[in-house]
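Please work through the exercises below with the sequence and the structure open beside you. Each task is followed by a solution that goes step by step.

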Amino acid sequence: MPTILAIESSCDDTSCAVIKDGVVLSNIIAGQAVHSEWGGVVPELASRAHHQNIVPVVNSAIESAFLSKADIDAVGFTRGPGLLGSLLVGTSFAKAFALANDLPLIEVNHMIAHVLAHFIEDPKPKFPFLCLTVSGGHTQIVLVKDHLDMEVIGSTKDDAAGEAFDKSAKLLGLTYPGGPLIDKYAQNGEVKYEFPKSKVGDYDYSFSGLKTAIMNFINNNKQKDPAFVDRELDHICASIQHIIIETLMKKLIMAANDLDIKEIAIAGGVSANSGLRNAITFYGKKYNWNTYIPKFEYCTDNAAMIAITAHYKYLKKEFVDQSVSPLSRLKI
Ligand code: KG4
Ligand code: ZN
């Protein structure tokens, strides 16, 4: 059974994990504080930080696993989707590592990896299951038929759920990433303000209208009372969080009912949100679902999820050659 070194560098976290026989031995993550003052991830700064972090992060992952390079059987890496400059750092490093150590390369789709984070530890969902994958760049309802057989049955038409959190937070004057801050303030607030629900059809989502509604709401109230946001911050955050979660849950419930599936999971950075975690548990009881919520460290970007995906691809001998590049269209 394989020992795989896996690298994640799609956005603003540089991460490396080592997995042996499907068991994660190490999962090192270096975040990038440099973006907080800019209100969002600055791609150029992200790739430079990956460049600085990648060697120490990889060395640390190998050491923490109490292994040496000679023990590694294959190299997995995030091939996309993500920021091109960031992906290039991880891909180039993975290719060089594989070439220097004569190892096979395994490309991994970051969104598939978020779903497969559920297979790092028990309890694992049973197939077929539905996974609401909610991150800074994506919002998807995924029908998961097998480890490497998935179908996206709904997705956002514009902003992702994480973006809705982050952009709302920016309008409130909070630093990036704003999602965790909205979560924090919401815990002391009440759902006092109402925002419009999106009307997009099927299992799809739309969050751009919400962003405009929040912007108008803040501007109108600030004109009447400049201290409005400071005084009402907790309640505004609770109200924003509520509408985002209700929107997410509505389509997930619809899909679960239509497809008669009771195995329901959430994944991606926004699955760290306490309100969403509570909501999935609440609706799980109401609809008799078996619900699966990842551990916090496997919600946001991490290489352990890339490693577990690479593990399943290794078993199917799905390797790529040295010509692989994030510049070509992502087919996996
Ligand atoms: O999966 P992820 O780490 O990166 C992407 O693949 O995009 O997700 C990052 C997103 C950010 O938008 C961040 O604000 C959001 O996840 N996030 C949260 C929370 N923790 C992270 N959003 C709401 N509540 C949280 N506790
Ligand atoms: Zn992600």
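**Exercise 1: The protein as a whole**

The protein in this predicted model exposes about 14700 Å², of which carbon and sulfur atoms supply 52%.

Task: Establish which helices and strands are counted, and how the radius of gyration of the protein stands against the globule rule.

Solution. Begin with the secondary structure, where the protein has nine helices and 10 strands. Next, take the radius of gyration, which is 20 Å and close to the 20 Å that the globule rule gives for 332 residues, so the protein is as compact as a globular protein of that length. Along its principal axes, the C-alpha trace spans about 65 × 45 × 35 Å. Then turn to the interior: buried residues, meaning those under 20% relative accessible area, make up 53% of the 332 residues. Finally, consider the contacts between residues at least 6 apart in sequence, of which 73% join residues at least 24 apart.

**Exercise 2: The zinc site**

Task: Identify the residues that coordinate the zinc ion (ligand 2), and explain which parts of the chain the pair His110 and Asp301 ties together.

Solution. First list the donors: the zinc ion (ligand 2) is coordinated by His110 through NE2, by His114 through NE2 and by Asp301 through OD, at 2.0 to 2.1 Å. In sequence, these donor residues follow the spacing H-x3-H-x186-D. Now place two of them in the fold: His110 lies in helix 3 (residues 110-116), whereas Asp301 lies in the loop between strand 10 (290-292) and helix 9 (303-315), so the pair ties together parts that are 191 residues apart in sequence. As a last step, apply the limit for buried residues, which is under 20% relative accessible area. His110, at 5% relative accessibility, counts as buried, and Asp301 is buried with a relative accessible area of 13%.

**Exercise 3: Two places at the surface**

Task: Decide whether Leu88 and Gly173 are buried, partly exposed or exposed, and describe where each of them is found.

Solution. Start with Leu88, which is found in helix 2 (residues 84-101) and which, at 32% relative accessibility, counts as partly exposed. Leu88 also belongs to a nonpolar patch on the surface that it forms with Leu84 and Leu327, and the three together have about 270 Å² of accessible area. Continue with Gly173, which lies in the loop between helix 4 (161-171) and helix 5 (179-186). Its relative accessible area is 63%, and Gly173 is therefore exposed, given that the limit for this class is over 50%. To finish, compare positions along the chain and in space: Gly173 and His35 are 138 residues apart along the chain, and their C-alpha atoms are separated by 15 Å.

Notes. Residues are numbered from 1 along each chain as its sequence is written. Chains are lettered from A and ligands numbered from 1 in the order in which they are written. This is a predicted model: local features need pLDDT of at least 70, side-chain atom pairs count only at pLDDT 80 or more; totals for chains, interfaces and linings use all residues. Side-chain values use heavy atoms; hydrogens and water are left out. Donors are N, O and S atoms within 2.8 Å of the metal (3.2 Å for Na, K and Ca); water is not among the atoms, so sites may look incomplete. Helices (H or I, at least four residues) and strands (E, at least two) are DSSP runs, numbered from the N terminus. Buried means under 20% relative accessible area, exposed over 50%, partly exposed in between (1.4 Å probe, protein chains only). Patches are made of residues with over 30% relative accessible area and no salt bridge: like charges are joined within 9 Å, nonpolar side chains (Val, Leu, Ile, Met, Phe, Trp, Tyr) within 5 Å. Accessible areas come from the Shrake-Rupley method with a 1.4 Å probe; for residues, only the protein chains shown count as cover. A salt bridge is a side-chain nitrogen of Lys or Arg within 4 Å of a carboxyl oxygen of Asp or Glu. The radius of gyration is taken over C-alpha atoms; the globule rule is 2.2 Å times the number of residues to the power 0.38. Contact means heavy atoms within 4.5 Å.
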